[in-house]
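Here is a short tour of one protein chain, from its charged pairs to its nonpolar core. Have the coordinates open and follow along.

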Amino acid sequence: LLHFDATSSNGPVRASLDKTYEGSFAVHTGSWFPARVEHDAVDEKDPAGKGRQRSVEMRSIRRGTVEGTAVWGSKEEGKEYGKVSLTTSNSPVALSL
């Protein structure tokens with residue numbers, strides 16, 4: 001279970017998560033800079049070997065903000081999930097799933 005917050009006021013913020021990560025994510029920056037979430041769905045194999053598909057949902061709230069979730073299989077009621085937040089104000093921000 002990962003809970004991670006990275007914040008900067010003037011520098012770029014970039015993080016890469018392990019393929020096993022399940023939970024929510026949010027990336028925020030000023031409206032003049034890009035907020036990116038990278039996800040390579042090609043040939044993704046279930047890290048637990050259970051044959052599950054990875055589900056990644058993303059939405060752009062506004063320029064500079066992307067939020068979403070990543071789970072293996074379907075989201076389970078009552079299961080605890082991680083939370084990742086990357087924030088900066090005057091630079092790009094990027095998250096790799």
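## Reading burial

A residue is called buried when its relative accessible area is under 20%, exposed when it is over 50%, and partly exposed in between. Keep in mind that this is a predicted model. With that cut-off, E44 counts as buried because its relative accessibility is 18%. R54 is buried too, since its relative accessible area is 12%.

## A salt bridge between buried partners

Let's stay with those two residues. The side chains of R54 and E44 form a salt bridge, with 3.1 Å from N to O. This pair ties together distant parts of the chain: R54 belongs to strand β5 (residues 54-62), E44 to the loop between β4 (35-38) and β5, and the two are ten residues apart.

R54 has another partner to look at, this time across the sheet pairing: W72 in β6 stands opposite R54. Strands β5 and β6 are antiparallel and share eight bridges. Together they make a hairpin with two residues between the strands, and G64 in the turn has a positive phi of about 95°.

## Other charged pairs

How many salt bridges does the model contain? The count comes to seven. In general, side chains of opposite charge can pair when their charged atoms come close. One of the bridges joins R36 to E38, at 2.7 Å from N to O. R36 counts as partly exposed because its relative accessibility is 42%, and E38 is also partly exposed, with a relative accessible area of 26%. Add R14, and you have a network of salt bridges linking R14, R36 and E38.

A further bridge connects the side chains of R59 and E67, at 3.4 Å from N to O. Here E67 is partly exposed, its relative accessible area being 24%. Another charged group to visit is K75, which lies over the face of Y81, 5.4 Å from the ring centre. As for aromatic pairs, the count is zero.

## Strand β4 and its two faces

Side chains alternate along β4: A35 and V37 point to one face and are buried, whereas R36 and E38 point to the other face and are not. The strand runs parallel to β8 (residues 93-96), joined to β8 by four bridges. E38 has S96 as its bridge partner in β8.

## The nonpolar core

In soluble globular proteins, nonpolar side chains tend to be buried together. The largest nonpolar core in this model has 16 residues, of which F25, V27, V37, V84, L86 and L95 touch the most other members. Strands β2 (13-16), β3 (23-28), β4, β6 (65-72), β7 (82-87) and β8 each contribute at least two residues to this core.

L86 makes a good vantage point. Setting aside neighbours within four places in sequence, L86 contacts F4, A6, V13, A15, A26, V27, H28, V93, A94 and L95.

## A proline in the loop

Finally, turn to P47, found in the loop between β4 and β5. P47 is partly exposed because its relative accessibility is 42%. Which residues does P47 contact, leaving aside neighbours within four places in sequence? They are K19, T20 and W72. For K19, the C-alpha atom is 7.3 Å from that of P47, although 28 residues separate the two along the chain. W72 is a familiar name by now: this residue of β6 also stands opposite R54.

Terms used. Residues are numbered from 1 along each chain as its sequence is written. This is a predicted model: local features need pLDDT of at least 70, side-chain atom pairs count only at pLDDT 80 or more; totals for chains, interfaces and linings use all residues. Side-chain values use heavy atoms; hydrogens and water are left out. A salt bridge is a side-chain nitrogen of Lys or Arg within 4 Å of a carboxyl oxygen of Asp or Glu. Buried means under 20% relative accessible area, exposed over 50%, partly exposed in between (1.4 Å probe, protein chains only). Two strands pair if DSSP finds at least two bridges between them. A nonpolar core is a set of buried Ala, Val, Leu, Ile, Met, Phe, Trp, Tyr and Cys residues joined through side-chain atoms within 4.5 Å. Contact means heavy atoms within 4.5 Å. Rings of Phe, Tyr and Trp (its six-membered ring) pair if their centres lie within 6.5 Å; planes under 30 degrees apart count as stacked, over 60 as edge-to-face and the rest as tilted. A charge sits over a ring if NZ of Lys or CZ of Arg is within 6 Å of the ring centre and within 35 degrees of the ring normal.
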